[in-house]
Amino acid sequence: MPAFPNLLPRGGWFYTTAAIVLSLLALEQTVYRYKKRHLPGDRWTIPIIGKFADSLHPTMEGYMKQWQSGALSALSVFNIFIVMASTNEYARKILNSPTHAEPCLVHSAKQVLDPENWVFLTGKEHVEYRRGLNSLFTRKALGLYIGIQDTITRKHFARWLEAAKDGKPKPIMMTARDLNMETSLAVFCGSHIPEKAAKEISEKYWDITCALELVNFPLALPGTKVYRAIQARKVAMKWLEFAAKKSKESVAAGNAPECMLEEWVAVLSEPTYKGRKDFTDNEMAMVVFSFLFASQDAMSSGLIYGFQHLADHPEVLAKIKEEQERVRRGDYEKPLTLEMMDEMPYLRAMVKETLRLKPPVTMVPYKTTKSFPISDDYTVPAGSMVIPAFYLSLHDPEVYPEPESFLPERWLDPQSSANTNPKNYLTFGSGPHKCIGLEYAMMNIGLVLADATVLMDWEHVATPESDKVQIIATLFPKDGCLLRLTPREHI
Ligand code: HEM
């Protein structure tokens, strides 16, 4: 006879556990349906994981289906309730409502970037911190960067052409990423990052890209993508802190700034500078890391599609070449300057168009900090993810006639619907978190493509995958864009 009689009949624990599990599952469905209300989206969510499998392997077709299902639509991943906003009006409303929603980037961003990173500041604190960083993107600062960009670009093209001597087409997916990383590190940190370290950072950075899924496995356990990304950040941060220290020393020694970090240190020490002046090496490194994080994938995507669009549209390429020849006047070795870029309106229009047609960033996840009455008949519950999607805005046929065509000319006429509806151009977002590096990004993509047109001929070897989109944080052609390169002969 047991001391305590078993109060449950035989198999009772099983039935009790089953009853609890079933109640929790029923509760999960009830909460999902309560939050979703009348929005389009699955009527039931897959227990516990929701649409996790889709978020691991996102496809354009899947996203298009979601965006086209309604101006607002609902889904759930790992019990995170998500509202997707596909129209221009709702996307801008989210981006411009800092009292209701703040960026959460992708789910893993805080772990990957470090919760202390400035990009997670909100409200007044964010506005003030960001104001201090604007000095890194002034025309004066861009004038300093452009020479560095030109040098690195030419160095990489020489390597690309060397590798192309076998006559075989090669995907530029990874080579364009490497070019971008070396350019970014040289612009941000000058010569303070040795080439060996730049290579290490570039290789490890792929782990960060791979961790940028909408929602990750919740725990950053060893072996998971988020864990690997955190290790990659630690390697990059070690070098960036070193570069910040060296930049301070160089400016203190009276040297003129030669990179973004040095420019920043110099600006802070100007007697007229009013903002906060003291930044630790770690804080400076975190800012530079936030720029790498925000730019590496988007810039690579923009560049790769730039090459592909130009190669597939010889009539546009011919106009770019014509413009290059007019501005460079036969001198193809002379590095580009901002003044020369100012004389290239067609190049700028082409960059704007390629970034419209294939926007690298198709959406930016935000999180509601309180209930957000987004429309007359729907309020997004507090603590939800709310995602403004940009693709449909950028492909709106009312604003961009023939939206699937690559037509840089639409940006040349100041009266065109593209130019008179700037609110639709969400490639760089909108509102208080709008991309701080947009001018630098446009300039860099333009510069690389401009140099490419005068230094190389390139043929896109199209495959059945060329027009299919692969989403690895940003958009890429599925075949990595196979180019056959040859040096360009100028007669
Ligand atoms: C083609 C290249 C790029 C694209 C398409 C792009 C796009 C974007 C988008 C869509 C956002 C979010 C805007 C919002 O929430 O409203 C953003 C934010 C940001 N971008 Fe870019 N970006 C690019 C390049 C760059 C570069 C080169 C840098 C820095 C050097 C940069 C730094 C940032 C930063 C720091 C933010 C966050 C700003 C804040 O929270 O205040 N981006 N970018």
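Let's start where α9 meets α10. On the α9 side we have A197, E200, I201, K204, Y205, D207, I208 and C210, and they meet K225, R228, A229, A232, R233, V235, A236 and W239 of α10. If you sort that contact by class, you get 10 nonpolar residues, 6 charged ones and no polar ones. Keep in mind as we go that this is a predicted model.

How are these two helices arranged? Helix α9 covers residues 195-210 and helix α10 covers residues 225-252, and they pack at an angle of about 150° with their axes 8 Å apart. That angle makes α9 roughly antiparallel to α10, because anything over 145 degrees counts that way. As for handedness, the crossing of α9 and α10 is left-handed.

Now to the ligand, which I suspect many of you have been waiting for. There are 27 residues around the ligand, and those that come nearest are A294, S295, G429, C435 and G437. Two elements, α12 (281-312) and α18 (438-455), each give two or more residues to that shell. Which element gives the most to the shell? That would be α12, with 7 residues. In terms of chemistry, the shell divides into 16 nonpolar, 9 polar and 2 charged residues.

Those two helices also pack on each other. The angle between α12 and α18 is about 40°, and their axes are 10 Å apart. That makes α12 oblique to α18. The contact uses S295, M299, G302, L303, G306 and L310 from α12, and A441, N444, I445, V448 and L449 from α18. Here the classes come out as 7 nonpolar, 4 polar and no charged. The crossing of α12 past α18 is right-handed. Notice that S295 turns up twice: S295 is among the residues nearest the ligand, and S295 is also part of this helix contact.

Let's stay with α18 for a moment, since α18 has another partner to show you. Helix α13, residues 314-328, crosses α18 at roughly 90°, and the axes come within 10 Å. The two helices are therefore roughly perpendicular to each other. From α13 the contact takes L317, I320, K321, Q324 and R328, and from α18 it takes A450, T453 and V454. That set has 4 nonpolar, 2 polar and 2 charged residues.

On to the sheets. One open sheet has 5 strands, in the order β1-β2-β8-β5-β3, and its pairing is mixed. At the edges we find β1 (72-77) and β3 (101-103), each of which pairs on one side only. From one strand to the next, the twist averages 30°. If you want a place to look in the viewer, try β1 and strand β2 (residues 80-85): they run antiparallel and are joined by 6 bridges. A74 has V83 of β2 as its bridge partner. Packing on this sheet is helix α4, residues 88-95, which touches β1, β2, β3, β5 (366-368) and β8 (385-388). The direction of α4 makes about 125° with that of β8.

There's a second open sheet, with 3 strands in the order β4-β12-β9 and antiparallel pairing. Here β4 (170-171) and β9 (456-460) are the edge strands; each has a single partner, so one side of each is left without a neighbour in the sheet. Between β9 and strand β12 (residues 482-487) there are 5 bridges, and E459 stands opposite R484 in β12. Helix α7, residues 139-163, packs on this sheet and touches β4, β9 and β12, with its direction at about 100° to that of β12.

Last, two hairpins. Strands β6 (residues 372-375) and β7 (residues 378-380) run antiparallel and are joined by 2 bridges, with 2 residues between them in the hairpin. S375 has Y378 of β7 as its bridge partner.

The other hairpin is made by β10 (residues 469-472) and β11 (residues 474-477), which are antiparallel with 4 bridges. I472 is bridged to T474 in β11. Which residue in this hairpin takes a positive phi? The answer is A473, with phi near 65°, in a hairpin that has 1 residue between the strands.

Definitions and conventions:
Residues numbered from 1 in each chain as written. Predicted model: local features only at pLDDT ≥ 70, side-chain atom pairs only at ≥ 80, totals over all residues. Near = placed C-beta within 6 Å. Nonpolar A, V, L, I, M, F, W, Y, C, P; charged D, E, K, R; others polar. Axes fitted to C-alpha atoms, helices over the stretch in contact; angles between N-to-C directions. Parallel < 35°, antiparallel > 145°, perpendicular 65-115°, else oblique. Left-handed = near helix turned anticlockwise from the far one by under 90°. Contact = placed C-beta atoms within 7 Å. Pairing = 2+ DSSP bridges.
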